[in-house]
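Dear colleague,

I am handing over the structure we spoke about, and below it you will find my notes on what was found in it. Please read them with the model open beside you.

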Amino acid sequence: MKKWHISNLYLIFVFLVLYLPIIYLIFYSFNAGDTMDHFSGFSWRHYGTLLSDSRMISIVLNTLIIALLSSLIATIVGTLGALGIYSTKKAAVKNGLLSLNNVLMVSPDVIIGASFLIFFTFLGFSLGFGSVLLSHIAFSIPIVVLMVLPKINELPATMVDAAYDLGATTWQTLTKVILPAITPGIFAGFFMAFTYSLDDFAVTFFVTGNGFSTLSVEIYSRARQGVDLEVNALSTLMFIVSLLLVVGYYLLGRYNQSRRMQRVKAAEAKINQ
Amino acid sequence: MANSVIEFRQVNKSFDETKVLDEIDFEIEAGKFYTLLGPSGCGKTTILRLIAGFADATSGDILFEGQKINELPANERQVNTVFQDYALFPHLNVFENVAFGLEIRKISKTEIKTAVNEALKLVHLSDYGNREISELSGGQQQRVAIARAIVNEPKVLLLDEPLSALDHKLRKEMQGELRDLQRRLGITFIFVTHDQEEALAMSDQIFVMNAGKILQSGSPVDIYDEPINHFVADFIGESNIVPGKMQRDYVVNFDGQDFSCVDAGMKPNEAVEVVIRPEDLDIVAVDTGQVNVTVDTQLFRGVDYQISAHDKMNNEWKINSIHKTSVGQIVGLAFEPEDIHIMRYHETEDDFDARLETYE
Ligand SMILES: Nc1ncnc2c1ncn2[C@@H]1O[C@H](COP(=O)(O)OP(=O)(O)O)[C@@H](O)[C@H]1O
Ligand SMILES: [Mg+2]
């Protein structure tokens, strides 16, 4: 270790501020007592309650299903949309479409939620799983478009020409060239939409009916009724899962990179012989 | 022409209001090496895009083996392109890129393997099949692009400045190999470049272009020896261009004297431009040559000296000579009537060809 800079201190401070509340919350999930006032001893008690709380578990499942389904559908629609915007010839139309997309991105969730509620009640659409799914799909599409479009724009302008030149039909060009080339963008869009759907509160709050709920709405309503350490236990589990995801993602990236480096080295060794 | 593969008839191309190609007319014969030569932005790529089918002509006909193909989609045309920006598929490795066209045509795996390996060998990338495109240098990517096109054995191969990213040595090597390849495969090559030396070295036939027009077409020797106008003379190689006046057939006046020449068919006393190539000038003792000039600069280039001088009318003369002079010295320049080439102002290629017919 060389010198300690003030910037290091600042970094530590920032991370403490960011992570302290979560650590605090995790710590009390192991509390034998019922409140976060003081720690009265270690216990798995709240985890037990959580696992036997069938309502909570079904809500977790609902949330995951909604997130998976909505992000999947939004990815398909959004990718097609991005392709559509890309292939629009007229600059004015293109910019118009992009702006409409961006307006949806920046408008407050509350407004989107309220407008969905008005929309659904106007149509006489019953609130519940369907309405939540539809609204999640709707707010995820612009996210996917925004993640995919730059990838398409990055493609060499003549790459599509090259595919046609080599005899590919429009369909083959799409499936063999364009889609594979933008796959990273599509995956990024999917994961982004997935996380947005998972932790959405405002929009969901407006369009859930009586019978249906997602995690964020449920936790919100429970938190209003007072502290419940079962929520801490649930949050701890979710935190660990997301931590594992991040680590897994990192390791996967490292693995791919090292494999690629090895291949280059092997090829170079062969050439240098 | 019986074996014409591609023909343009009065083809025009405009983007919005700007005219990019102006009345392009040419015919391409099977099995030859053609070059489109011209400065950047003159419309070379646009011509290739029209042949390949990526763009539509604003007016005029494009024919392939006598059939009009204006409406034929790009994927049904029997031409392949080596793109200026390579346009390789980033998600496929080198082998898969080269195999793409064959896979589309549903050729058997073993045949594809043989063909691709052979194509990679042709471009000196035999051991690179497993490499990712992002792991290659610009020159290597360019060679993959060449392999990806030739592996399909098209009737016509379009090459858009395919050697521009290579270093000098590799470039010379690839020029020879492309030329060999063309002879061996018997495929018609349409090669685009802005490098006149490359065009002269490789082509059977050159089209010199400027600002959306074909100014002159012919063999490298024809174009070098008998450029049609100032632009072509200047663009193809080094040249001395001085203003003159045609006294009568076979006699031209410049630098205040009459010279005999081998050109004819102009009006008497017509103002013309006189071209003499630097390597056709010999330096001799003062007053023993046709023109006396004063040496301004002298540059040693290894093989010879590049000398710049001026005559008494202040015309500039470039001379390539193996003999040394000194700056400020007055020397004579000797040349033969055959070394003089006369250019008329604003002569069209048809008139030029017709005039040459009358006395050659
Ligand atoms: N898609 C396009 N839209 C508008 N102008 C274009 C387009 N493509 C080419 N041009 C113009 O056409 C002219 C010729 O271009 P190009 O054929 O690419 O030239 P070259 O290949 O000889 O350098 C240039 O002035 C260029 O700006
Ligand atoms: Mg070009």
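I begin with a single residue of chain B: H124(B) counts as partly exposed, because 15 C-beta neighbours lie inside 10 Å, and a residue would need 20 or more to be called buried. Please keep in mind from the start that this is a predicted model. H124(B) sits in the loop between α3 (109-122) and α4 of chain B, and its phi is positive, about 60°, although H124(B) is not a glycine.

A positive phi also turns up at Q10(B), again a residue other than glycine, where the value is near 45°. Q10(B) belongs to strand β1 (residues 4-15) of chain B. Is Q10(B) buried or exposed? With 12 other C-beta atoms within 10 Å, Q10(B) is exposed, since the cut-off for that class is 12 or fewer.

Two further residues of chain B are worth finding on the screen. E153(B) is placed in the loop between α4 (138-150) and β7 (156-160), and with 16 C-beta neighbours inside 10 Å it counts as partly exposed. If residues up to four places away in sequence are not counted, E153(B) touches L185(B) and I187(B); in addition, the C-alpha atoms of E153(B) and G186(B) are 9.6 Å apart, while 33 residues separate the two in sequence.

L299(B), for its part, is found in strand β16 (residues 291-300) of chain B, where it is exposed, with 9 other C-beta atoms within 10 Å. Which residues does L299(B) contact, once its neighbours within four places in sequence are left aside? They are Y305(B) and Q306(B). The C-alpha atom of L299(B) is also separated by 9.7 Å from that of K324(B), which is 25 residues away along the chain.

Turning to chain B as a whole, you will find nine helices and 20 strands, and the C-alpha atoms fill a box of roughly 75 × 45 × 35 Å along the principal axes. Of the 360 residues in chain B, 39% are buried. Among the contacts in chain B with a separation of 6 or more, 65% are between residues 24 or more positions apart. The UniProt record, an unreviewed entry, places the feature "domain: ABC transporter" at residues 6-236 of chain B, and over that stretch the chain is 36% helix and 27% strand, with the end C-alpha atoms 25 Å apart.

Chain A has 11 helices and zero strands, so that, read from the N terminus, its elements run α-α-α-α-α-α-α-α-α-α-α. Its C-alpha trace spans about 70 × 65 × 40 Å along the principal axes, and its radius of gyration is 24 Å, whereas a compact globule of 273 residues would have one near 19 Å. Buried residues account for 29% of the 273 residues in chain A. When contacts in chain A between residues at least 6 apart in sequence are considered, 76% of them join residues at least 24 apart. Here too UniProt has an unreviewed entry, which lists "domain: ABC transmembrane type-1" at residues 60-249 of chain A; over those residues the chain is 83% helix and 0% strand, and the end C-alpha atoms lie 23 Å apart.

One helix of chain A deserves a closer look. Helix α1 (residues 6-29) of chain A has 24 residues, which at 1.5 Å a residue should span 34 Å, and its end C-alpha atoms are indeed 34 Å apart, so the two values agree. There is nevertheless a kink of about 40° at Y19(A) in α1(A), shortly before the proline P21(A). This helix, α1(A), is hardly covered, for the count of buried residues among its 24 residues is two.

Finally, there is the contact between the two chains, which takes 21 residues from chain A and 23 residues from chain B. On the side of chain A that touches chain B, α7 (159-165), α8 (170-198) and α11 (229-272) of chain A each supply at least two residues, and α11(A) gives the most, with six residues. Sorted by class, that side of chain A has 12 nonpolar, four polar and five charged residues.

With best wishes

Terms used: Residues numbered from 1 in each chain as written. Chains lettered and ligands numbered in written order. Predicted model: local features only at pLDDT ≥ 70, side-chain atom pairs only at ≥ 80, totals over all residues. Contact = placed C-beta atoms within 7 Å. Helix = DSSP H or I, 4+ residues; strand = E, 2+ residues; numbered from the N terminus. Nonpolar A, V, L, I, M, F, W, Y, C, P; charged D, E, K, R; others polar. UniProt positions renumbered as here; feature names shortened; annotations may be inferred. Expected span 1.5 Å × (residues − 1). Bend = angle between axes of the 7 residues up to and from the residue. Rg over C-alpha atoms; globule rule 2.2 N^0.38 Å.
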